[in-house]
Amino acid sequence: LDQVLQAALDGLQRALGTNRSSILAYDPDDVMRFKAWRGLSDDYRRAVEGHSPWQRDARSPSPIIVADALGDPTMQPYRELFGTERSAALGFFPLVSSGRLIGKFMVYYEQPRTLSEAELGLAQAIANHLAAAMARFGALAGLHETVRFKRIADTLCKPAAAHHPVANRRRNVSREDRKLEICVVRSSLHR
């Protein structure tokens, strides 16, 4: 995933003409955290981590371009931080997968500026591809975790199931019934 994120930052920076960008994603605790970045200070990342201009359950969130971050009243709480970081213009682009907001990517500019329709289109295409890739990597990680859990459960539960009174109450059960009983035993062991 790190290689995908770095490639996405490369594409963003070339397509949108900036040398500062970031990718953030929701973690299991529903906090938006930095996953990859370029040209941003530790202080800046600490100060804005968790911020999102969209609600977590937003449907079809739109990109937000702040052409003049130092003069925009909605950015007032971050004005000093933007000044220190030399961020005069910002772009927030939602990352959406299966209709759910999973994160955002951002671009930062040292001078106030807007993005053209062509730049917005490129940014949206990158966001769509990035969100799809992140979702696939997330699904693969979940699959690996499930397989790992199953291996652990098999290792721990087979010996326990073999000596469990419910699993051994009848010796003349069919193979399918035996499998079902072992599954029930496993289930009861993991509660």
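**Exercise 1. Determine in which order the strands of the open sheet are arranged, and which strands stand at its edges.**

Solution. Step one is the order: 5 strands (DSSP runs of E, at least two residues, numbered from the N terminus) form an open sheet in the order β2-β1-β5-β4-β3, with antiparallel pairing, where two strands pair if DSSP finds at least two bridges between them. Step two concerns the edges: β2 (32-38) and β3 each have a single partner strand, so one side of each is left without a neighbour in the sheet. Step three adds the twist, which averages 20° from one strand to the next; axes here are lines fitted to C-alpha atoms, for helices over the stretch in contact, and angles run from 0 to 180 degrees between N-to-C directions.

This is a predicted model, in which local features need pLDDT of at least 70 and side-chain atom pairs count only at pLDDT 80 or more, while totals for chains, interfaces and linings use all residues. Residues are numbered from 1 along each chain as its sequence is written, and side-chain values use heavy atoms, with hydrogens and water left out.

**Exercise 2. Describe how β1 is joined to β2, and state which strands helix α1 touches.**

Solution. Begin with the pairing: β1 and β2 run antiparallel and are joined by 6 bridges, and Ala25 stands opposite Arg33 in β2. Then turn to helix α1 (residues 2-16), which packs on the sheet and touches β1, β2, β4 (89-97) and β5 (100-109), its direction making about 65° with that of β2; helices are DSSP runs of H or I, at least four residues, and contact means heavy atoms within 4.5 Å.

**Exercise 3. Decide whether Ser21 is buried or exposed, and do the same for Ile65, which may also be partly exposed.**

Solution. The scale comes first: buried means under 20% relative accessible area, exposed over 50%, and partly exposed in between (1.4 Å probe, protein chains only). Ser21, in strand β1 (residues 20-26), has a relative accessible area of 0% and is therefore buried. Its side chain makes a polar contact with that of Gln13 at 3.0 Å, the term denoting a pair of N or O atoms within 3.5 Å, of which, within protein, one must be able to donate a hydrogen and the other to accept it, residues adjacent in sequence counting only if both atoms are side-chain atoms. Beyond four places in sequence, Ser21 touches several residues, among them Leu9, Trp37, Leu40 and Tyr108.

Ile65, by comparison, lies in strand β3 (residues 64-66) and is partly exposed, because its relative accessibility is 31%. Leaving aside neighbours within four places, Ile65 contacts Leu90, Gly91, Phe93, Leu115 and Leu120.

**Exercise 4. Classify the aromatic pairs Phe34 and Trp37, and Tyr44 and Tyr108.**

Solution. Rings of Phe, Tyr and Trp (its six-membered ring) pair if their centres lie within 6.5 Å, planes under 30 degrees apart counting as stacked, over 60 as edge-to-face and the rest as tilted. The whole structure holds 5 aromatic pairs. For Phe34 and Trp37, the centres are 6.2 Å apart and the planes stand at 85°, so this pair is edge-to-face; Phe34 is buried at 10% relative accessibility, whereas Trp37 is partly exposed at 35%. Tyr44 and Tyr108 also make an edge-to-face pair, with 5.6 Å centre to centre and 90° between the planes. That pair links distant parts of the chain, since Tyr44 is in helix α2 (residues 42-48) and Tyr108 in strand β5, 64 residues apart. Tyr44 is buried at 2%, and Tyr108 is buried at 0%. Finally, Tyr44, Tyr78, Phe82 and Tyr108 form one aromatic cluster.
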